Amino acid sequence: MEKKIIYNLQNVLNIKKKIEYSLIRKCQLCNHKKLVPFSNTTLLKSDNIFIEFPFVQCFKCGLIQQKIKFSPKFHKYYYSKLYPKLLNRDKKRNNQLIENSYERGKFLFKKLKKYFPNRKNLRLLDIGCGGGGKLRIFKENGWDVYGVDPDSDLLNLVKRKYKLKNTFSKNFEDLKLKKNYFDFIIVSGSLEHVNNLNKVMEKINLYSKKSSLLFLDSKGFPNNIKEKFFNFNHHRLLGPTTINLLAHKFGYKKIICNFTFMKVKKTFQHINEKKTNLYYLGVKKKLKNLKFKKELFYNKHFDKVPKI
């Protein structure tokens, strides 16, 4: 079955390189071995091109994740070479992305600056920095900024244009930085894309200072039908419970976790316009074991939404 899925994927995307993959045998979050089917159809690109690509749900914690996992080698190739092409980026679209990134960065800085009162020599790490907007606004306010993103073309563009010297075009899993170094780490729109979720979180904990802050931004509120909400490029789907469990697992206590922290002008449809992405803010500290209930947010939501 999986070979047929991979073969179809290669044909649809015209991938010449061999797709190396494995099947996940346990949950990426809690290591539970019982995984149950959740969805078989996912949006590949645009608004109407679908492909068979199974998602499973952990029976214990409820994390929804793709059953097929790419090798680190192919994952790196896909996001550095193929993914930008799927987005159909040209010069105009790149410039729009850069400016939109800056506007979001300004809004985020305004919302979060109260957590860093009267402090100097602060360091920011933005994982999946993309258009560099957050790096720019924090740099303008005196921060020492670092960013990493696998999209070398986009990153090199903003690096030259805005003199962002501490930016790295690679997967975060492969990046080596100083331990106990950063006051604030942002992972915006990247947790769904990373290949090794636990390694990313381990390194975040390693590179961050005691009492530092962590901001996570995950897939938005499901303002669409199930088949369009599940995206081939999103390897896992964190909800309000599982994103908190993930952060807690690696030493962060929740300050904020909701779908309403930041507002956007447009969503997928005109329903739930006040609910956008899922946002989490936490502080690094020693924690006791977290008691949690299974994540059933998406199960309950999609039971009420018609299928295609």
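Let me begin with two strands, β2 and β3, which pair with each other in the antiparallel sense over 8 bridges. Please keep in mind throughout that this is a predicted model, and that everything I describe is read from that prediction. One of the positions where these two strands meet is Thr 42, whose bridge partner in β3 is Ile 51. For those who are new to this, strands of a sheet pair through backbone hydrogen bonds, and they can do so either parallel or antiparallel.

If we follow the chain onward from β3, we find that β3 also pairs with β4, again in the antiparallel sense, this time over 3 bridges, and that Val 56 has Gln 65 of β4 as its bridge partner. The hairpin formed by β3 and β4 has 5 residues between the strands, and in this hairpin Gly 62 takes a positive phi, near 95°. Strand β4, covering residues 64-66, is in turn joined to β11 by 2 bridges, and β4 and β11 run antiparallel. Here Gln 65 appears again, since its bridge partner in β11 is Arg 236.

Putting those pairings together, we have an open sheet of 4 strands, in the order β2-β3-β4-β11, with antiparallel pairing. Which strands stand at the edges? They are β2, residues 35-45, and β11, and because each has a single partner strand, one side of each is left without a neighbour in the sheet. Strand β3, residues 49-58, is mostly covered, with 7 of its 10 residues buried.

Let me now turn to the other sheet on my list, which is also open, and which has 7 strands in the order β8-β7-β6-β9-β10-β13-β12, with mixed pairing. Its edges are β8, residues 167-168, and β12, and each of these has a single partner strand, so one side of each lacks a neighbour in the sheet. At the β12 end, β12 and β13 pair in the antiparallel sense over 6 bridges, and there you can find Cys 257 standing opposite Tyr 280 of β13.

Next, the helices, and I would like to start with α8, residues 240-249. Is this helix largely enclosed or largely open? Of its 10 residues, 7 are buried, so α8 is largely enclosed by the rest of the structure. The buried residues are Thr 242, Ile 243, Asn 244, Leu 245, Leu 246, Ala 247 and His 248. What covers them includes α6, β10, β11, β12 and β13, and β11 is a strand we already met at an edge of the sheet of 4 strands. After α8 comes Gly 251, whose phi is positive, near 95°.

A second helix to look at is α5, residues 152-162, which contains Val 158. This valine has 0% relative accessibility and therefore counts as buried. Leaving aside residues up to four places away in sequence, Val 158 touches Ile 98, Gly 130, Gly 131, Lys 163 and Leu 164.

That brings me to the nonpolar cores. The largest has 44 residues, and those with the most contacts inside it are Phe 172 and Ile 204. Helix α6 gives the largest share of this core, 5 residues. If we again leave out residues up to four places away in sequence, Ile 204 touches Ile 127, Phe 172, Ile 185, Val 187, Leu 214 and Tyr 252. Apart from this core lies another, of 28 residues, which includes Trp 143, Ile 186, Phe 261 and Val 283.

Finally, the cavities: how many are there of 30 Å³ or more? The count comes to 2. The largest has a volume of about 90 Å³, and its lining includes Ile 24, Phe 70, His 75, Val 194 and Arg 236, the last of which we met as the bridge partner of Gln 65. Strand β5, residues 68-70, gives the most to this lining, with 3 residues, and by class the lining divides into 4 nonpolar, 5 polar and 2 charged residues. The second largest cavity has a volume of about 30 Å³, and among the residues that line it are Phe 55, Lys 219, Phe 229 and Leu 237. Its lining has 4 nonpolar, 2 polar and 1 charged residues.

Methods
Residues are numbered from 1 along each chain as its sequence is written. This is a predicted model: local features need pLDDT of at least 70, side-chain atom pairs count only at pLDDT 80 or more; totals for chains, interfaces and linings use all residues. Side-chain values use heavy atoms; hydrogens and water are left out. On a 1 Å grid over the protein atoms alone, a cavity is a set of points where a 1.4 Å probe fits but cannot get out, and a pocket is an open set with protein on both sides within 12 Å along at least five of seven lines; lining residues have an atom within 4 Å of a point. Grid points are joined across faces, edges and corners, and a volume is the space filled by probe spheres set on the points. Ala, Val, Leu, Ile, Met, Phe, Trp, Tyr, Cys and Pro count as nonpolar, Asp, Glu, Lys and Arg as charged, and the others, Gly among them, as polar. Buried means under 20% relative accessible area, exposed over 50%, partly exposed in between (1.4 Å probe, protein chains only). Contact means heavy atoms within 4.5 Å. A nonpolar core is a set of buried Ala, Val, Leu, Ile, Met, Phe, Trp, Tyr and Cys residues joined through side-chain atoms within 4.5 Å. Two strands pair if DSSP finds at least two bridges between them.
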